[in-house]
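Thank you all for coming. Please have a look at the structure on the screen, and then I will walk through it piece by piece.

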Amino acid sequence: VAAFLLIKNWNQINLETYSDFPKEAYLCKVDGDCVKMTLLNRCGCTGGGKDTVANNEYYENYIKGQLSDIYCPAVMSNHWTCKASPKCVNNNCRLVK
C-alpha cells in the first residue's frame, strides 16, 4: 500500500533549472536573504522530489501565491538538494551541500 502526503506545491511554473527564474530572483547580500523551496509542479524532498532556492523577496511576492495542494508519495528523496542549505554565494542565492 502506498502512502501519500498532502503537501504544498506550485502550479503553472516550471523550475526544473535555476535559469527558469529571472536573474533578480537570486540576488542576495546575506544567507538570510535566501529561502529553500520545493520545485514548482513537483513533489518536495518528503515526497520523493527535490528542492530549489530563490531570494525571500521573490518567493514572497511571486511564488508563494502560486501554492496549491497536491498529493505526493510519502518517501524521502536522496537528491542532494534535500540536504543542501540556502546560501548567498557571490550575491546569488544557491543551494550548497
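**Around S77**

Let me start with a single contact, in which the backbone oxygen of G49 sits 2.6 Å from a polar atom of the S77 side chain. Please keep in mind throughout that what we are looking at is a predicted model. The side chain of S77 has a further polar contact, since one of its polar atoms is 3.0 Å from the backbone nitrogen of H79. As for its position, S77 belongs to the loop between β4 and β5, and with a relative accessibility of 10% it counts as buried. If we set aside the neighbours within four places in sequence, the residues in contact with S77 are C45, G48, G49 and C82.

Two of those names, C45 and C82, bring me to the cysteines, because C45 and C82 are joined by a disulfide, with an S to S distance of 2.0 Å. For this pair the torsion about the S-S bond is about -95°, so the disulfide is left-handed. C45 lies in the loop between β2 and β3, which spans 51-55, while C82 lies in the loop between β4 and β5, so the pair ties together parts that are 37 residues apart in sequence. Both C45 and C82 are buried.

How many disulfides does a search of the whole structure find? The search finds three, and I will take the other two in turn. A disulfide, to recall the chemistry, is a covalent bond between the sulfur atoms of two cysteines.

One of them joins C28 to C88, with the sulfur atoms 2.1 Å apart. Here the torsion about the S-S bond is about 95°, so this disulfide is right-handed. C28 is found in the loop between β1 (4-10) and β2 (34-38), whereas C88 is in strand β5, so this pair ties together parts that are 60 residues apart in sequence. Both ends are buried, C28 with a relative accessibility of 6% and C88 with 18%, where the cut-off for buried is under 20%.

The other joins C34 to C93, again with an S to S distance of 2.1 Å, and with -85° about the S-S bond this link is left-handed. It connects distant parts of the chain, given that C34 is in strand β2 and C93 in strand β6 (residues 92-96), 59 residues apart. C34 is buried at a relative accessible area of 9%, and C93 is buried at 0%.

**The helix and the cores**

Let me now turn to helix α1, which covers residues 56-63 and whose buried residues are Y58, Y59 and I63. Why do these three lie on the same side of α1? They do so because they cover an arc of only 100° around the axis. On the other side of the helix, E57 and N61 are exposed. The N-terminal end of α1 is capped by N55, which places a side-chain oxygen 3.3 Å from the backbone nitrogen of E57.

The buried residues of the helix appear again in the largest nonpolar core, which has eight residues in all, namely F21, A25, Y26, M37, A54, Y58, Y59 and I63. The largest share of this core, three residues, is supplied by α1. There is also a second, separate core of seven residues, and among its members are C34, A84, C88 and L95.

**One more loop residue, and the whole chain**

I would also point to A74, which is located in the loop between β4 (67-73) and β5 (85-89). A74 is partly exposed, at a relative accessible area of 42%. Its C-alpha atom is 6.3 Å from that of T46, although the two residues are 28 apart along the chain.

Finally, a few values for the chain as a whole. The chain contains one helix and six strands, and from the N terminus on its elements follow the order β-β-β-α-β-β-β. Of its 97 residues, 37% count as buried. Taking contacts between residues at least 6 apart in sequence, 72% of them join residues that are at least 24 apart. The accessible surface comes to about 5,900 Å², with 52% of that belonging to carbon and sulfur atoms.

Key. Residues are numbered from 1 along each chain as its sequence is written. This is a predicted model: local features need pLDDT of at least 70, side-chain atom pairs count only at pLDDT 80 or more; totals for chains, interfaces and linings use all residues. Side-chain values use heavy atoms; hydrogens and water are left out. Buried means under 20% relative accessible area, exposed over 50%, partly exposed in between (1.4 Å probe, protein chains only). Helices (H or I, at least four residues) and strands (E, at least two) are DSSP runs, numbered from the N terminus. The arc is that of the directions from the helix axis to the C-beta atoms. A polar contact is a pair of N or O atoms within 3.5 Å; within protein, one must be able to donate a hydrogen and the other to accept it, and residues adjacent in sequence count only if both atoms are side-chain atoms. A nonpolar core is a set of buried Ala, Val, Leu, Ile, Met, Phe, Trp, Tyr and Cys residues joined through side-chain atoms within 4.5 Å. Contact means heavy atoms within 4.5 Å. A disulfide is a pair of cysteine sulfur atoms within 2.5 Å. Accessible areas come from the Shrake-Rupley method with a 1.4 Å probe; for residues, only the protein chains shown count as cover.
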